[in-house]
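Me: Please take a close look at one part of the model shown here, and then set that part in its surroundings. I am in my first year, so please explain each term when you use it.

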Amino acid sequence: MEPIIKHMESKILISVEQLSRYYGHQLAVDHIDFTLSPGEVLGFLGPNGAGKSTTMQMITGNLAPSEGRIQINGIDILDQPRLAKANIGYLPEQPPVYRDLTVDEYLDYCARLHRVSAAQRGQAINRAKRRCGLLAVSRRLIGNLSKGYRQRVGIAQAILHNPAVVILDEPTVGLDPNQIREIRELVRELGETHGIILSTHILPEVQATCTHVQIINEGRLVFSQSMQELEKQLVSHVLVLETREPLTDEVLEKLPGVDRSERLGPSRAKLHFSEKNPAGAVAASIAEHGLGLVELALDRQTLEQVFVELTCRDEHLTTEDAA
Amino acid sequence: MILTIALRELKNLFLSPLAWAILAMLQLVMAFLFLSQLDTYLSTWQPRLAGIEGAPGVTDLVVAPLFQTAGFLLLLISPAITMRSISEEQRNRTLTLLLSAPVSIREIVLGKFLGITLFFLILLLMLAAMPLSLYSGTTLDAGKLLAGLLGLALLSGAFAAIGLFMSSLTEQPVVAAISTLGLLMLLWIIDWNSAGGENISGLFQYLSLKTHFNAFLKGLFSTRDLAYYLLLTSVFLILGIRRLDQKRLTG
């Protein structure tokens, strides 16, 4: 697999080469390559147990890779872990918060751990709290906060020291829709100046916030494209037609501008076309036959379909391989 | 950075009632012991020893037994202090915070060790206040007193290192506490059979936490005993570092 970004002339924040990880004999991450540049928000997708979290743990130095190289801001994480880690903010799947501390105490400790100087500490903490909407709960014990707030404390911790790279493992889990919107806004805002890797199960979230998408399945990178390319690819060439009266084969075959049709029911069909959208002509033709148009719509291919296609097909293939 | 982690560890200890309870109970028991020891000394020993040249003084008859008991009590309570240190961070997944911060594993372990040792030092200061109060009426053998305190400090350092290592082995604090207690007890009584054998007993006697501690209580400050405690402490600290490093490798 080729690195996804080649056109970026700016410096690369994360470069991952041939990264692999074994758990015993089980291969959890299989020779992954990718890069991340400033201003990019990389959406990391994959089914449960695909290796997303493992990859993130390796990038953040929580787990040693079995093979491969990881460079953060040009610094190898195995050679100079401390320098490399200083450039990373990481929110793991479970926010690493101490329940016995107040939000302020916790963030102060995090700032110290990340060597934020005493002069800047207060300012950094305030900025992180403001960005994550935590100002009202500064003095509350983290253990008494709701899950959503705890998640936000985790995010505040990750952006506190203004790292070049922010890695968020399922940041919107447990948040209500309003909070999710706020966090997406925050991610987009951060994405303008930082490099962000975001893992999630929620596909619309990727479409809403990310500039690049990667799908990982069974440890392998099966899809990696920029959002622009993806959107081009997602432009549909299929119309869904439904009529009041049953559609005859004869009518279907003669629909203008349609290359191929596919029956979904007695009065419902998928129409494949290649060049211009023939919706107008199709509608006219249906009216002509007096079939009564009920629905005629573009069958948008969503990221979800790409996801299902890639991750399910692969499962199918590997079971065949195994057999 | 070590200091940041150490202070956090120390504050964390005081956030739970456990540390307060330990300090209070220990102080109560030791004070009772101290007073009864002092009483026995005043009523029984002082009249008999008066006038004898080179007889044991108040430091030998009151302070040494006090510290001896304190050492054993420390053994009993130290697992309760060290048990949560690393195991709870593993259980609550907060260790990730330390591992992803620009901090090395060595700094994490040493920071936690220092934090626990600071707690023990607070405990020892409270303990030292009792014999020091005797200065109002008499003079003590300062050398012996300091040697005894140094012995206790070294002893608690070893307890902290062993407890920390045990805490890194498991996610269950209670399991960590029980195994720490077991190991400490074993190291405490390992020389009990030394009267029997010949070859092995020397080794066992050397390994025993108690023999080296007793030397300090007699006011004997030898590099042999000092080296024993420093070795023991650093071996378990290194084991703790290795253990966390291993977790990073094996996941």
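**A loop residue and its chain**

Reply: A:Glu218 counts as partly exposed, because 19 other C-beta atoms lie within 10 Å; with C-beta atoms placed from the backbone, a residue is called buried if 20 or more other C-beta atoms lie within 10 Å of its own, exposed if 12 or fewer, and partly exposed in between. This is a predicted model, in which local features need pLDDT of at least 70 and side-chain atom pairs count only at pLDDT 80 or more, while totals for chains, interfaces and linings use all residues. Residues are numbered from 1 along each chain as its sequence is written, while chains are lettered from A and ligands numbered from 1 in the order in which they are written.

The backbone of A:Glu218 deserves attention too, since its phi is near 50°, a positive value in a residue other than glycine. A:Glu218 is found in the loop between strand E9 (212-217) and strand E10 (220-226) of chain A; helices (H or I, at least four residues) and strands (E, at least two) are DSSP runs, numbered from the N terminus.

A:Asn73 also has a positive phi, of about 55°, although it is not a glycine, and A:Asn73 lies in the loop between strand E4 (67-72) and strand E5 (75-76) of chain A. With 19 C-beta neighbours inside 10 Å, A:Asn73 is counted as partly exposed.

Helix H1 (residues 52-59) of chain A is mostly covered, with eight of its eight residues buried; among them are A:Lys52, A:Met56 and A:Ile59. What follows H1(A), and what is the sign of its phi? The helix is followed by A:Gly61, whose phi is positive, near 80°.

Turning to the whole chain, we find eleven helices and 14 strands in chain A, and 41% of its 323 residues count as buried. Its C-alpha atoms fill a box of roughly 80 × 45 × 40 Å, taken along the principal axes. Chain A is divided into domain 1 (14-226) and domain 2 (237-298), with bounds that come from an automatic or database domain assignment, and 47 Å separate the centres of these two domains, taken over C-alpha atoms.

Among the contacts in chain A with a separation of 6 or more, 68% are between residues 24 or more positions apart, where two residues are in contact if their C-beta atoms, placed from the backbone, lie within 7 Å. Chain A also meets a partner, for 23 of its residues are in contact with 18 residues of chain B.
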